[in-house]
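Got your viewer open? Grab the selection tool and follow along, one stop at a time.

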Amino acid sequence: MRPFLVVLIALLMLLSPAPFGAQVTAPAKPDSVRMAVIGDMGTGETPQYDISRRMMEAHATFPFDFVIMLGDNIYGGSTPSDVDRKFSTPYKPLLDAGVKFYASLGNHDNSNERFYAPYNMNGAAYYAFKKGNVRFFALNSNYMDPQQLEWLENELKGGGDGDWKICFFHHPLYSSGKTHGSSTDLRQVLEPLFIKYHVDVVFAGHDHVYERVKPQNGIYYFTEGASGELRAGDLKQTAMTAKGFDSDNTFMLVEFAGSAMNFQTISRAGQTVDSGTIQRQVRSSANVLPPASSILGAVVVRTIAGAAR
Ligand SMILES: [Fe+2]
């Protein structure tokens with residue numbers, strides 16, 4: 001090969017974009033349930049698009065079937081052109097690949113998003129669905145009223161003993177974010193139900209950081225509120241922090257394989273910032289704390305639309 005060609009090829013290799021930096025660690029077993037998790041992403045700005053590209057790169061080796069959205073899906077206006085710029089365009093390659101999105105509503109979301117077909121909410125602000133042996137409960141943490149709590153209790157009662165129970169919604173029950181932190185009023189009404197009916201894992205957003213919290217009463221809590229927005233330096237690592245990351249945007253990959261849940265959190269730069277495996281605990285009904293019925297009269301309203309992101 002001519003010398004100038006060798007130099008040219010070497011130059012092109014140096015200038016080409018960095019390959020996907022994060023090796024997907026989850027094994028992607030044939031019968032597993034695979035998903036991605038994003039929260040607080042709907043800005044329409046560059047970081048959201050960068051994260052969506054990382055998601056697509058990951059999808060090539062870890063073909064997840066769906067994405068759960070932890071709220072603040074569309075910031076600001078929600079006209080058709082907003083929805084294009086803040087959802088349909090950034091996630092187009094995933095949508096084209098047949099990936100489904102399941103949304104929950106954040107404080108910045110227009111409640112009419114529940115009628116938006118690609119969000120798979122079917123007009124409901126809270127709803128449940130099942131994938132393999134995993135049951136999902138999407139809650140509306142903006143307005144937690146007795147009807148929703150009663151619905152949740154009835155839903156949590158059902159299903160087989162071998163099923164995972166996963167709840168997702170916007171406001172975190174446990175968070176070390178300096179801006180918002182733990183939603184303790186919401187915790188008071190939801191946690192007794194989660195404990196009584198053996199919820200395994202909870203995903204929330206709202207604080208624009210990533211945090212994995214040490215198990216609380218046997219339940220794992222993740223905050224993923226940095227898939228578009230980022231509040232750098234906002235995580236005050238506390239005694240409950242198992243792993244925190246607040247210097248770049250992130251998203252999560254999650255795989256359920258039998259009684260194991262593998263997770264991996266990947267940054268906008270393609271770096272794996274957290275990963276691990278959670279084994280589903282078989283818990284007995286005897287460890288129940290307060291009867292869930294005692295909190296069914298409570299209403300927690302957290303709608304602060306228009307507030308600072
Ligand atoms: Fe929020």
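Start in the middle. The largest nonpolar core takes in 63 residues, and the ones with the most contacts inside it are Ala 36, Val 37, Cys 167, Phe 168, Val 202, Phe 203 and Leu 253. Select those and show their side chains. As background, nonpolar side chains in soluble globular proteins tend to be buried together. Keep in mind throughout that you're looking at a predicted model.

Now pick Val 202 from that set. Setting aside neighbours within four places in sequence, Val 202 is in contact with Cys 167, Leu 173, Phe 194, Ile 219 and Tyr 221.

Ile 219 leads to the next pick, Ile 195. The two are 24 residues apart in sequence, yet their C-alpha atoms sit 7.7 Å apart in space. Colour residues 184-196 and you have helix 6, where Ile 195 is found. Is Ile 195 buried or exposed? Neither, quite: Ile 195 counts as partly exposed because 19 other C-beta atoms lie within 10 Å, and buried would take 20 or more.

Next, go to the sheet. Show the strands as a cartoon and trace an open sheet of six, in the order 3-2-1-12-13-14, with mixed pairing. Its edges are strand 3 (100-103) and strand 14 (272-279), each of which pairs on one side only. Going from one strand to the next, the twist averages 20 degrees.

Zoom in on one of those edges. Strands 13 and 14 run antiparallel and are joined by seven bridges. To see a partnership, select Phe 263 and look across to strand 14, where Gly 276 is its bridge partner.

What packs on this sheet? Helix 2 does, touching strand 1, strand 12 and strand 13, with its direction at about 30 degrees to that of strand 12.

So select residues 46-61 for the last stop. This is helix 2, with 16 residues and a reach of 24 Å from first C-alpha to last, close to the 22 Å expected at 1.5 Å a residue. Highlight Gln 48, Ile 51, Ser 52, Arg 54, Met 55, Ala 58 and His 59, which are buried. They lie on the same side of helix 2 because they cover an arc of only 160 degrees around the axis. The general rule behind such spacing is that an α-helix has 3.6 residues a turn, so residues three or four places apart point the same way.

Among the elements covering those buried residues are strand 1 (33-38), helix 4 (92-96), strand 12 (250-257) and strand 13 (260-267). Finally, spin to the face of helix 2 turned away from its buried side, and you'll find the exposed residues Thr 46 and Ala 60.

Definitions and conventions
Residues numbered from 1 in each chain as written. Predicted model: local features only at pLDDT ≥ 70, side-chain atom pairs only at ≥ 80, totals over all residues. Helix = DSSP H or I, 4+ residues; strand = E, 2+ residues; numbered from the N terminus. Buried ≥ 20, exposed ≤ 12 C-beta atoms within 10 Å, placed from the backbone. Expected span 1.5 Å × (residues − 1). Arc of directions from axis to C-beta. Contact = placed C-beta atoms within 7 Å. Pairing = 2+ DSSP bridges. Axes fitted to C-alpha atoms, helices over the stretch in contact; angles between N-to-C directions. Core = buried A, V, L, I, M, F, W, Y, C linked by C-beta atoms within 7 Å.
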